[in-house]
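Q: Please examine the following model and explain how each descriptive term applied to it is justified.

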Amino acid sequence: MLKRLLPKQENFFNLFEAAASKLSLTASEFSNLLKNLDNQQHYVDLIARHEKEADDIAHVAFELMHKSFITPFDRYDIHALTSALDDVIDLINRIAQRFPFYALHAVPVEMIRLSELSASATRHLKDAVSLLHSLKNSQIIFDHCKEIDRVESEGHTIVLAGEKKLFMEEHDFKQFFKLKEIYSNCKQVINRCQDTGNIIKGIILEYS
């Protein structure tokens, strides 16, 4: 009887997967935004909608955690992973909101490449999270986290190249600081994906 009343542990994994999928979709739409600035408001609104839905997923996960007697792993780890996934989406949404605010109608190719790397990092996160339900998948999960590390390294190189180009070629003071801020935040998206990957690795190491 008691077993039927307890929330199923699979529910947590379903929520993790839903959050990671929402993150991957949001990052892809952000990359689309940078490639379609003539239609930027469409993507800005879409990203804002994804961010709201991700908040709802996180809320359900936190509620389930507090109601559950049994959890698949430590509550601290559940909270950390749920918060980390949601925080990355929040950051992408904040960056996207800057575009109509700053009236940006063109961005450097390096920034577009950075958005593609962000989307790649989130896809690896999504794939890693989808395998968390079984420790038999540990090596594949580690491989995805390793790819996120590689993406972070490439992103660092691209940011340096893009910012150097910005310093040398951008003479409009306001435009310089707009683009400099967005470069920094785009790189932060990848950094936070790496941080989330490290949380996942920590969970695997703790329970394997």
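Q: What makes Cys-145 count as buried or exposed?
A: The model is a predicted one. Buried means under 20% relative accessible area. Cys-145 has a relative accessibility of 1%, so this residue counts as buried.

Q: Why is no bond assigned to the sulfur of Cys-145?
A: A disulfide needs two cysteine sulfur atoms within 2.5 Å. The closest cysteine sulfur to that of Cys-145 belongs to Cys-193 and is 11 Å away, which is too far for a bond.

Q: What can be said of Cys-186, in burial and in distance to the closest cysteine sulfur?
A: Cys-186 has a relative accessible area of 1% and is therefore buried. Its closest cysteine sulfur is in Cys-193, at 12 Å, so the distance is too far for a bond. The structure holds zero disulfides.

Q: Why is the pair of Phe-13 and Phe-73 called edge-to-face?
A: Nine aromatic pairs are found in a search of the whole structure. In the pair of Phe-13 and Phe-73, the centres are 6.2 Å apart and the planes form an angle of 70 degrees. Rings pair if their centres lie within 6.5 Å, and planes over 60 degrees apart count as edge-to-face, so both conditions are met.

Q: Which parts of the chain does this pair link?
A: Phe-13 lies in helix α2, and Phe-73 lies in the loop between α3 (40-67) and α4; the two are 60 residues apart. Ring pairs also join Phe-13 and Phe-73 with Phe-16 and Tyr-207 in a cluster.

Q: How do you know whether Phe-13 and Phe-73 are buried or exposed?
A: The cut-off for buried is under 20%. Phe-13, at 13%, is therefore buried, and Phe-73, at 6%, is buried as well.

Q: What makes Asp-77 buried or exposed, and which residues is Asp-77 in contact with beyond its neighbours within four places in sequence?
A: The relative accessible area of Asp-77 is 11%, so this residue of helix α4 is buried. Beyond those neighbours, Asp-77 is in contact with Ile-203, Glu-206 and Tyr-207. Ile-203 is 126 residues from Asp-77 in sequence, yet their C-alpha atoms are 7.0 Å apart.

Q: How many cavities of 30 Å³ or more are counted, and which residues line the largest?
A: The count is one. The largest cavity is lined by Ala-27, Phe-30, Ile-92, Ile-95, Ser-118 and Val-189. Helices α2 (10-35) and α4 (75-102) each give two or more residues to this lining. By class, the lining has five nonpolar residues, one polar and no charged.

Terms used. Residues are numbered from 1 along each chain as its sequence is written. This is a predicted model: local features need pLDDT of at least 70, side-chain atom pairs count only at pLDDT 80 or more; totals for chains, interfaces and linings use all residues. Side-chain values use heavy atoms; hydrogens and water are left out. On a 1 Å grid over the protein atoms alone, a cavity is a set of points where a 1.4 Å probe fits but cannot get out, and a pocket is an open set with protein on both sides within 12 Å along at least five of seven lines; lining residues have an atom within 4 Å of a point. Grid points are joined across faces, edges and corners, and a volume is the space filled by probe spheres set on the points. Helices (H or I, at least four residues) and strands (E, at least two) are DSSP runs, numbered from the N terminus. Ala, Val, Leu, Ile, Met, Phe, Trp, Tyr, Cys and Pro count as nonpolar, Asp, Glu, Lys and Arg as charged, and the others, Gly among them, as polar. Buried means under 20% relative accessible area, exposed over 50%, partly exposed in between (1.4 Å probe, protein chains only). Contact means heavy atoms within 4.5 Å. Rings of Phe, Tyr and Trp (its six-membered ring) pair if their centres lie within 6.5 Å; planes under 30 degrees apart count as stacked, over 60 as edge-to-face and the rest as tilted.
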